[in-house]
Amino acid sequence: MKKYEDRIKELIARMTQEEKVGQLQQCGPSLVGAFEVSFEELLDMMFDGRISQEEFGRLMSTAEEDFHDEDLKAGNIGSYNGIKNAKTANRLQEIAVKETRLGIPLIFGYDVIHGYKTIMPIPLAEACAWEPELWEKTARVAAKEATAAGVHMTFAPMVDVAKDARWGRVSEGAGEDTFLTSKFGEAKVKGFQGNDLSKEDSMAACVKHFAAYGAAEAGRDYNRVDLSMQKLHEEYLPPFEACVKAGARGIMPAFNDINGVPCSVNKWLLTDLLRDTWGFDGMTVSDANAIAECVNHGIAEDKEEASQKAIIAGMEMDMSSNSYIENLKDLVESGQVEEAILDKAVADVLRVKFELGLFENPYQTSEEREQEELLKPEYRSLARETAGKSMVLLKNEGILPLKRGIKVGIVGDLADNRGEMTGAWAIGADGNTCVSIVDACKGQNVAYTYTAGHTEKQVDPLELLKATDGCDVLIAAIGEVKDQSGEAASRADITIPEYQKEILEALLTTGKPVVAVLFNGRPLAMPWVAENIPAILEAWHPGIEAGNAILDILFGDVNPSGKLTTTFPYATGQCPIYYAAINTGRPGGKGKFTSKYLDTPLAPVYPFGYGLSYTTFAYSNLTVVEKEEGFAASVEVENTGDRDGDEIVQCYVRDLVARRARPVKQLKAFEKVFIKAGEKKTVTFEVPYRELGYYDMNMEYIVEEGIFEIFVGKNSAECLKDMIEL
């Protein structure tokens, strides 16, 4: 037993019921003083057009933050979210330690999703690097910066497997694949938490959203989830279990229900599975207002009943809904909630506080450390490297890389909008610290002209042609602004806007080479672009060093190596579309009575795992052999081009005959390999038998003998194939 378990018991024995409930209360600062309605109502007023964005900004500029000091002094707050500087954190911590009866320190939580001040590429982009060591490094930088500002816990990583590009929050995770998302989550947990959670530069990872949030019906945020238990266990739960095994100290249940039971009150999920089966001994934290929203779900009559069901289910800390602080004491005193359940929840929260070293060192930062730690040159350098590795070259008809000394014509507002480079959930970002494409051209002495002002207004082709006259190459910055993906940003149409197509059409009439640079937080349905534009670089929302990383690739200083972790559909109506599909009895084909659409091709525009390089790679001599604990697959990969480069080699498996129909391919291993021009390397994967199993109709995990197809290649669609009987 850990040395502080006795101290936890001693503290709980000394607590009043109010103090116990207070440890489960997480609140954020309230905005007051500028308006007569709540901040939430004010926000709704802006979105539904009752007030303008300018008026909203004016009101917000005069607002003040209320940190609920009196509630804190009374012992009614155990944690805050949204505290974003060392001065405020230390002030509130001093109240907790010196002015409350028991002096229990606070935990400060914050959404550090892909960087704190040094904003890295969005997670969906970073996943395209297929490099766990890099993922861990960027999380470590985020932890160093965030802890310097007073943060103890990040509400990340998000490991929701997301197969529907309409869902806005696809931008926050690693994409559509269970295996890759598990590796991503493990690396992020290790990076955030470091090798010693009590160190001042380590913060607890609170993994979200548990579970299956990425399977929301129709890709609509906050929508219901209806899955078979087999699909839930095989496709959506493994990344969470991987994060628990990696040592994550927090879990955030999802907004959604699973088969009719909201995750916030789902005892099977939060206790039977998470605690009893996986052995998780950290703390659970609700999503914002999620406990109260169980009333809207229709599973609780009021907040009191929602509180009762949530605490019994295993939901420990209430974020922002005030459900526990208003109801939990009475529920315990009336016998509707056993005191032992409350005590266990408090113990789990206290345990994380002890692990973070807060009892010994409650003031883990200072204003001086905060100023010294943020935006260090080496952090920006890592951001630039990560952005370059995250970008995916989708098409190149001999245009790229560009030659230094040419004149570039740049079109599109996204090319000079620093604030849009960060993407969704970069709430600590300062857009002025970002580098746009235009900024990078200035910094790298690239001759250019820039034409702005093309939004959804009518495009003037003559104006475009005049502005780009004399240029050698034309670059169009197109895609989404950051608010078009992320939370509450689901889209029923994920095609590029018509005005952007008009811009591209006008540029093509010049006969000059045209390069499309995509900024987006989700896969886009863009068959016309893929067919007509000769060079396409998927830049995503690449973070603070966006412009520099883009020019690094466009001019060949960096050889692109990123590969997609989500499928790019041909049309929105194909969604959800993903590579690991299960065959029907009539697989899609040319015949009429097969599984397909009448009005769109069967295949996506770009498959999972796809990505080009400035060199070429050839695969040969795939060999699969049976081993004692699994199988080994070896393949020779040759760099057949004239440039050194990285290749992401992917290994997939298919169980040909099973008791339940199995996916046509499942990723089981990958490796990024650096290969010099003309060099050949042998890449070997060893896959254990246990990775080949699945859940049968009785929910028993089984690994069957039989024939398996083994695929190794450059993406999910282009592979060498062999077979083995195991």
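In what sense do strand E19 and strand E20 pair, and over how many bridges? In this predicted model, strand E19 (residues 617-626) and strand E20 (residues 630-639) are paired in the antiparallel sense, and the pairing extends over eight bridges. The two strands are joined by a hairpin that passes through three residues, and within the pairing Thr623 of E19 is placed opposite Ser634 in E20.

The protein chain as a whole is divided into four parts: domain 1 (1-12 + 19-29 + 67-79 + 89-104 + 262-365), domain 2 (32-65), domain 3 (392-574) and domain 4 (617-725). Between the C-alpha centres of domain 1 and domain 4 there is a distance of 45 Å. A pair of single residues gives a further separation for the model, since Ile104 and Ala658, which are 554 residues apart in sequence, lie 55 Å apart in space from C-alpha to C-alpha.

Ile104 is situated in the loop between helix H6 (86-99) and strand E5 (107-110). With a relative accessible area of 8%, Ile104 counts as buried because this value falls under the 20% cut-off. When residues up to four places away in sequence are not counted, Ile104 touches Leu11, Met15, Gln23, Ala96, Leu350, Lys353 and Phe359.

A second buried loop position is Thr567, which is located between helix H23 (546-554) and E19 and has a relative accessibility of 5%. Leaving aside neighbours within four places in sequence, the contacts of Thr567 are Glu176, Pro523, Ile577, Tyr578, Tyr579, Pro604, Tyr606 and Phe608. The loop between H23 and E19 also contains Pro576, and the peptide bond that leads from Cys575 to Pro576 is cis, with omega near -5°.

Strand E18 (residues 535-538) is covered on both faces, with Ala535 and Leu537 buried on one side and Ile536 and Glu538 buried on the other. In a regular strand, side chains alternate between the two faces of the sheet. Strand E18 has two pairing partners described here. With strand E13 (residues 392-396), the pairing is antiparallel and runs over four bridges, and Val392 stands opposite Glu538. With strand E17 (residues 514-519), E18 runs parallel and is joined by four bridges, Ala516 being set opposite Ile536.

Helix H10 (residues 229-236) is likewise mostly covered, as six of its eight residues are buried. These buried residues are Gln230, Leu232, His233, Glu234, Glu235 and Tyr236. The elements against which the buried residues of H10 pack comprise helix H9 (178-193), helix H11 (238-245) and helix H12 (267-277), together with strand E9 (257-258) and strand E24 (694-695).

At the surface, Leu656, Val657, Ile707 and Met723 make up a nonpolar patch of about 350 Å². Of these residues, Val657 is found in the loop between strand E21 (645-655) and strand E22 (666-675). The relative accessible area of Val657 is 67%, and this residue is therefore classed as exposed, the cut-off for that class being over 50%.

Several backbone features of the model remain to be described. Most residues other than glycine have a negative phi, and most peptide bonds are trans. Against this background, the peptide bond from Lys208 to His209 is cis, with omega near -10°, and His209 lies within strand E7 (residues 204-210). Asn289, a residue other than glycine, has a positive phi, near 65°, and is found in the loop between strand E11 (283-284) and helix H13 (294-297). The relative accessible area of Asn289 is 30%, which makes this residue partly exposed. Trp425 is also not a glycine, and its phi is positive at about 55°; Trp425 belongs to the loop between strand E14 (407-411) and helix H19 (437-443). A relative accessible area of 23% places Trp425 in the partly exposed class, because this class covers values between the buried limit of under 20% and the exposed limit of over 50%.

Key: Residues are numbered from 1 along each chain as its sequence is written. This is a predicted model: local features need pLDDT of at least 70, side-chain atom pairs count only at pLDDT 80 or more; totals for chains, interfaces and linings use all residues. Side-chain values use heavy atoms; hydrogens and water are left out. Buried means under 20% relative accessible area, exposed over 50%, partly exposed in between (1.4 Å probe, protein chains only). Contact means heavy atoms within 4.5 Å. Patches are made of residues with over 30% relative accessible area and no salt bridge: like charges are joined within 9 Å, nonpolar side chains (Val, Leu, Ile, Met, Phe, Trp, Tyr) within 5 Å. Accessible areas come from the Shrake-Rupley method with a 1.4 Å probe; for residues, only the protein chains shown count as cover. A salt bridge is a side-chain nitrogen of Lys or Arg within 4 Å of a carboxyl oxygen of Asp or Glu. Two strands pair if DSSP finds at least two bridges between them. Domain bounds come from an automatic or database domain assignment.
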